Amino acid sequence: MAVFISIPILGALLVLQSTLITHLNLLHGTADLVLLAIVAWALQKRVQTAWHWCLVGGLMVDIASALPMGVPLLGYTIATALALILRQRVWQVPILAMFIITFVSTIVSQGIAVLALQLIGEPIPMGQSFSLIIVPSTVLNLLFAIPTFALMGDLAKVFYPEELEV
Amino acid sequence: MKTNSRPLQTVVFALIALGLIGLALGGYLTPVSRILLNPVISAQNWVTTRYQAAVRLISAPQDTVRLRQRNAELEAEVSRLQAQIIELEQQLSETKILSALVDFARANPENRYQAAAVVARDPSPFMQYVIINRGSDDGLRRGMPVVTAQGLVGRIAAVTAGAARVQLITDPASTVNVHLEPSGAQAVLFGSITAEITLEMIPQSAEVKPGDLVLTSGLGGGFPANILIGQLAGVRSRDQDLFQRATIQSVVDFTHLEIVLVITNFTPIDYSPLISTPQAP
């Protein structure tokens, strides 16, 4: 069930991102709600469907975006892997892990996008991309990280309720 | 004696009354009447105020309930009317855009158009693309030019049955062959990740200046000729460069695209097979 619910949730976030969030620019950067949701979901303690959410979100953005095929999925895969590694290390302070993963995964996923575009021959200057898109996007993602983490935490409690000790 | 004095009294009273009426009609009694009536009016006012206050006190609870109901009704009415105003303003804005597009279509009767609404933008900040709500079911094909009443927007990059993805001319991968008016110089327009458009490869011999119009040239077969793109905002010309460069002020506001027109009777020409590539021995 937790896998299937990812489709409407990530779909709704993608719609929000492509309609409203793209207008909330900081310089030329925008927040990536799908990435935040995937990372926040992967950081929840009992969640076992992080890779499924990553796959669903990655494929959705792959279809919706004009980025080269597989680039968003690759970025989200790295973000999920980092989140799962960090969940085991700093599980006592999950919000700190959320900030760290948001920061790193935004830079990594956007960096992959720049490299992929450069590989296919598009004139994307790295310095300008970093200062005008990657850094502002990271700041926006960090701002959206707290509410996304809280919402995903509530959702995780619904699908993975804590076991009561008798 | 008594019987004679009564008619006399009556006559005297009648004369006095007539006299007073006459004085009153002549306005001679106004100061007197003011002095006499003022206390009466003040007393009436005092009594009426107290009476109304007492009535209000007695009937206040009923009035309060009624007024609250009325207030709620009016507030609901205000909300409904405000929603209606917003809806009408949206319709008006849409009508203005459609009217401008119809004017544009009439001014360019050689083309056939399909109107489409912009429903989304690309989720990646690196890509300057928009999604429109018309697709192959409506006759749209890859490569078709997209315009607004102001000028060129871009071209269709991908199509599904009910939607299409439009690459804006501001996209970093977008190039458009243009010519400048009045000089007639040919150049190439490039997009960028900052959504600014620049002109490159303007011949050094061309006399161009800010304010010159930038139109599609039709070269390369990607776009029809003579679609307006914008005006030159600034020109950079250095002696050591082979070409001049220029920045452009676009006539289209790409941040507020709502409705666009797709030119459906234009088939882009793919001339890549005609370009000879070096063959391996």
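This tour moves through the structure one selection at a time and describes what is found at each stop. The model is predicted.

**Stop 1: the two domains of chain B**

Begin by selecting residues 2–59 of chain B, which the domain assignment gives as domain 1. In a second colour, select residues 113–267 of chain B, which are given as domain 2. The C-alpha centres of these two domains of chain B lie 91 Å apart.

**Stop 2: a barrel in chain B**

Next, display the strands β1, β2, β5, β4, β3 and β12 of chain B. In that order, these 6 strands close into a barrel with antiparallel pairing. From one strand to the next, the twist averages 45 degrees. Now add helix α2 of chain B, residues 30–107, which packs on the sheet and touches β1 (113–121) and β12 (259–263) of chain B. The direction of this helix makes about 25 degrees with that of β12(B).

It is useful to recall here that strands of a sheet pair through backbone hydrogen bonds, and that the pairing may be parallel or antiparallel.

**Stop 3: strand β2 and its partners**

Stay with the barrel and select strand β2 of chain B, residues 129–132. Are the residues on its two faces buried or exposed? Y129(B) and I131(B) lie on one side, V130(B) and I132(B) lie on the other, and all of them are buried. In a regular strand, the side chains alternate between the two faces of the sheet.

Then look to the strands that pair with β2(B). β1(B) is joined to β2(B) by 3 bridges, and the two run antiparallel. To find a point on this pairing, select R121(B), which stands opposite V130(B) in β2(B). β2(B) also pairs with β5(B) in the antiparallel sense, over 4 bridges. Here I131(B) stands opposite R165(B) in β5(B).

Continue from β5(B), residues 164–168, to β4(B), residues 152–159; these two strands pair in the antiparallel sense over 5 bridges. Which residue of β5(B) stands opposite G154(B)? The residue is L168(B).

**Stop 4: a further barrel in chain B**

Hide the previous strands and select β6, β7, β8, β11, β10 and β9 of chain B. In that order, these 6 strands form a closed barrel with antiparallel pairing. Neighbouring strands of this sheet are turned against each other by 40 degrees on average, with direction ignored. Within the barrel, β7(B) and β8(B) pair in the antiparallel sense over 3 bridges. Select F190(B) to see one place in this pairing: its bridge partner in β8(B) is T198(B).

**Stop 5: three details of the backbone**

Select E181(B) and P182(B) together. The peptide bond from E181(B) to P182(B) is cis, with omega near 10 degrees. P182(B) is found in the loop between β6 (175–181) and β7 (186–190) of chain B.

Move to M201(B), in strand β8 of chain B, residues 198–203. M201(B) is not a glycine, yet it has a positive phi of about 60 degrees. M201(B) counts as partly exposed because it has 16 C-beta neighbours inside 10 Å.

The last of these selections is N226(B), in the loop between β9 (213–216) and β10 (228–236) of chain B. N226(B) also has a positive phi, of about 65 degrees, although it is not a glycine. Why does N226(B) count as exposed? The reason is that N226(B) has 12 C-beta neighbours inside 10 Å.

**Stop 6: where the chains meet**

Show chain A and chain B together. The contact takes 15 residues from chain B and 24 residues from chain A. On the side of chain B that touches chain A, there are 10 nonpolar, 2 polar and 3 charged residues.

**Stop 7: helix α2 of chain A**

Finally, select helix α2 of chain A, residues 33–42. How many of its 10 residues are buried? The helix is mostly covered, with 10 of its 10 residues buried; among them are L36(A), I38(A) and W41(A). What covers these buried residues includes α1 (6–19), α3 (50–64), α4 (71–89), α5 (94–119) and α6 (126–159) of chain A.

Two packed helices are described by the angle between their axes and the distance between the axes. For α1(A) and α2(A), the angle is about 150 degrees and the axes are 8 Å apart. That angle makes α1(A) roughly antiparallel to α2(A). To see their contact, select I9(A), L10(A), L13(A), L14(A), L16(A) and Q17(A) of α1(A) with L33(A), V34(A) and A37(A) of α2(A). By class, this contact has 8 nonpolar, 1 polar and no charged residues.

Terms used. Residues are numbered from 1 along each chain as its sequence is written. Chains are lettered from A and ligands numbered from 1 in the order in which they are written. This is a predicted model: local features need pLDDT of at least 70, side-chain atom pairs count only at pLDDT 80 or more; totals for chains, interfaces and linings use all residues. Domain bounds come from an automatic or database domain assignment. Two strands pair if DSSP finds at least two bridges between them. Axes are lines fitted to C-alpha atoms, for helices over the stretch in contact, and angles run from 0 to 180 degrees between N-to-C directions. Two residues are in contact if their C-beta atoms, placed from the backbone, lie within 7 Å. Ala, Val, Leu, Ile, Met, Phe, Trp, Tyr, Cys and Pro count as nonpolar, Asp, Glu, Lys and Arg as charged, and the others, Gly among them, as polar. A residue is buried if 20 or more other C-beta atoms lie within 10 Å of its own, exposed if 12 or fewer, and partly exposed in between; C-beta atoms are placed from the backbone. Angles under 35 degrees count as roughly parallel, over 145 as roughly antiparallel, 65 to 115 as roughly perpendicular and the rest as oblique.
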